[in-house]
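Here are a few notes to read alongside the model. Please keep the structure open as you go through the points.

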Amino acid sequence: MQQVRGVVARGKGEPVSIETVNVPDPEPGEAVVAVQACGVCHTDLHYREGGINDDFPFLLGHEAAGVVESVGEGVDSVAPGDVVVLNWRAVCGTCRACTRGEPWYCFATHNAAQRMTLEDGTELTPALGIGSFADKTLVHAGQCTKVDPAARAAAVGLLGCGVMAGLGAAMNTGNVRRGQSVAVIGCGGVGAAAVAGAALAGATTVIAVDLDPQKLEWATKLGATHTVDSGKQDPVAAIQELTGGFGADVVIDAVGRPETWKQAFYARDLAGTLVLVGVPTPEMKVPELPLIDVFGRGGALKSSWYGDCLPSRDFPMLVDLYRQGRLDLDAFVTEEIGLDDVEAAFEKMRHGGVLRSVVIL
């Protein structure tokens with residue numbers, strides 16, 4: 001057992017606090033990781049506000065890179081000293097999704113069996129089973145993916161959630177191919193990554209749609225060939241105009257609201273693909289969508305969980321592309337901050353002023 005600092009959310013909507021956290025020694029299948037960097041993701045804010053569940057107190061943080069410090073009995077996938085990116089979908093290898101060759105849909109993902117606790121013994125719920133706004137964290141060994149140790153932790157750690165979700169929405173779920181047209185609605189961290197993923201996959205027309213000129217500027221730097229200010233133009237008409245009147249081959253909704261999903265639905269070409277990667281809230285519904293339009297327009301309506309990624313396959317490959325200068329992960333790091341600055345980073349996130357604030361430890 002060792003004690004570290006961690007960012008804890010004690011109650012719904014309450015400001016986070018820096019607390020002393022007890023990190024147990026790893027048991028079989030577990031690993032302790034010294035965290036080097038952790039992005040401030042919107043999911044952490046959802047936890048703080050009670051939007052995920054009510055299992056307070058939470059140890060926040062999940063989008064991280066670090067160095068394995070120790071491992072439990074039977075762990076041979078990683079060893080002390082390995083540089084890793086943490087993931088929140090450690091596949092089991094034995095469920096029906098894994099055995100049918102689709103492990104990115106794993107229905108029985110692993111987390112550490114032990115709980116980290118507050119100094120008084122109160123059990124903490126780690127965000128997405130990770131809890132990496134802390135000097136060290138306890139995870140399942142399967143949540144550790146080895147990557148090139150020369151890579152910048154602040155950049156590659158973002159593959160742990162938001163950037164991977166966006167890249168994967170284009171490259172994995174949307175299966176964007178060379179020469180296709182892609183539109184991305186909502187160009188925050190996830191949407192901007194979807195733009196980068198579409199460009200990396202070889203799309204020749206990449207349309208970024210947002211209300212915020214700053215986000216459209218970020219998207220342009222990451223590979224967008226066209227931008228649409230949806231506060232000034234009808235995005236459906238604009239996407240159709242930019243694609244010869246037909247609509248895009250793939251449209252990615254990175255907002256996750258009924259109105260943006262409906263825009264994405266009609267902004268597709270016939271037999272085009274719609275990918276929902278923005279996360280809606282439970283009460284949201286898509287009103288008045290004629291079933292004949294679903295049938296008549298054809299194509300595919302998909303949702304993307306974590307970019308349908310397989311960390312063991314995707315993380316090392318994307319880090320290699322980053323090291324080669326072909327994927328600009330550094331562009332997503334708007335600022336580097338300390339643990340004490342997480343609450344302020346949430347406020348900046350609310351106002352759209354950052355792609356990612358990254359905690360450096």
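1. A word on terms before the helices come up: an axis here is a line fitted to C-alpha atoms, for helices over the stretch in contact, and angles run from 0 to 180 degrees between N-to-C directions. Please also bear in mind that this is a predicted model.

2. How do the axes of α4 and α10 cross? Helix α4 (residues 162-173) and α10 have axes that come within 12 Å, with a crossing angle of roughly 100°. Angles of 65 to 115 degrees count as roughly perpendicular, and α4 and α10 are therefore roughly perpendicular to each other. On the α4 side the contact involves Met 164, Leu 167 and Asn 172, which meet Arg 313, Asp 314, Phe 315 and Leu 318 in α10. Sorted by class, the residues of this contact are four nonpolar, one polar and two charged.

3. Following the chain from α4, you come to the loop between α4 and β11, where Asn 175 lies. Most residues other than glycine have a negative phi, and most peptide bonds are trans. Asn 175 has a positive phi, near 50°, and is a residue other than glycine.

4. Another backbone feature to look at is the peptide bond from Phe 56 to Pro 57, which is cis, with omega near -5°. Pro 57 sits in the loop between α1 (42-48) and β4 (58-59).

5. Now for the sheets. Strands of a sheet pair through backbone hydrogen bonds, either parallel or antiparallel. One open sheet here has six strands, in the order β13-β12-β11-β14-β15-β16, and its pairing is parallel. At its edges are β13 (226-229) and β16 (300-303), each of which pairs on one side only. On average, neighbouring strands of this sheet are turned by 20° against each other, direction ignored.

6. Within that sheet, which strand does β11 pair with over four bridges? Strand β11 (residues 181-185) does so with β14 (residues 248-253), in the parallel sense. To find the place by eye, look for Ile 185, which stands opposite Asp 253 in β14. Helix α7 (residues 235-242) packs on the sheet and touches β11, β12 (205-210), β13 and β14. The direction of α7 makes about 165° with that of β12.

7. A further open sheet has five strands in the order β7-β2-β1-β4-β8, and this time the pairing is mixed. The edges are held by β7 (117-118) and β8 (125-126), each with a single partner strand, so one side of each has no neighbour in the sheet. Strand β2 (residues 17-23) runs antiparallel to β7, and two bridges join them. Val 21 stands opposite Leu 118 in β7.

8. Strand β5 is worth tracing too. Strand β3 (residues 30-39) and β5 (residues 63-71) run antiparallel and are joined by eight bridges, with Cys 38 opposite Ala 64 in β5. β5 also pairs with β6 (residues 83-86), in the antiparallel sense over three bridges. Here Ala 65 has Val 85 of β6 as its bridge partner.

9. Finally, have a look at the second largest pocket, which holds about 230 Å³ of space. Of the 14 residues in its lining, Asn 87, Gly 142, Cys 144, Thr 145 and Ser 312 are the closest to the centre. Two elements, β10 (144-146) and α10 (311-323), give two or more residues to this lining. Which element gives the most to the lining of the second largest pocket? That is β10, with three residues. By class, the lining divides into seven nonpolar, five polar and two charged residues.

Technical notes. Residues are numbered from 1 along each chain as its sequence is written. This is a predicted model: local features need pLDDT of at least 70, side-chain atom pairs count only at pLDDT 80 or more; totals for chains, interfaces and linings use all residues. Side-chain values use heavy atoms; hydrogens and water are left out. Two strands pair if DSSP finds at least two bridges between them. Contact means heavy atoms within 4.5 Å. On a 1 Å grid over the protein atoms alone, a cavity is a set of points where a 1.4 Å probe fits but cannot get out, and a pocket is an open set with protein on both sides within 12 Å along at least five of seven lines; lining residues have an atom within 4 Å of a point. Grid points are joined across faces, edges and corners, and a volume is the space filled by probe spheres set on the points. Ala, Val, Leu, Ile, Met, Phe, Trp, Tyr, Cys and Pro count as nonpolar, Asp, Glu, Lys and Arg as charged, and the others, Gly among them, as polar. Angles under 35 degrees count as roughly parallel, over 145 as roughly antiparallel, 65 to 115 as roughly perpendicular and the rest as oblique.
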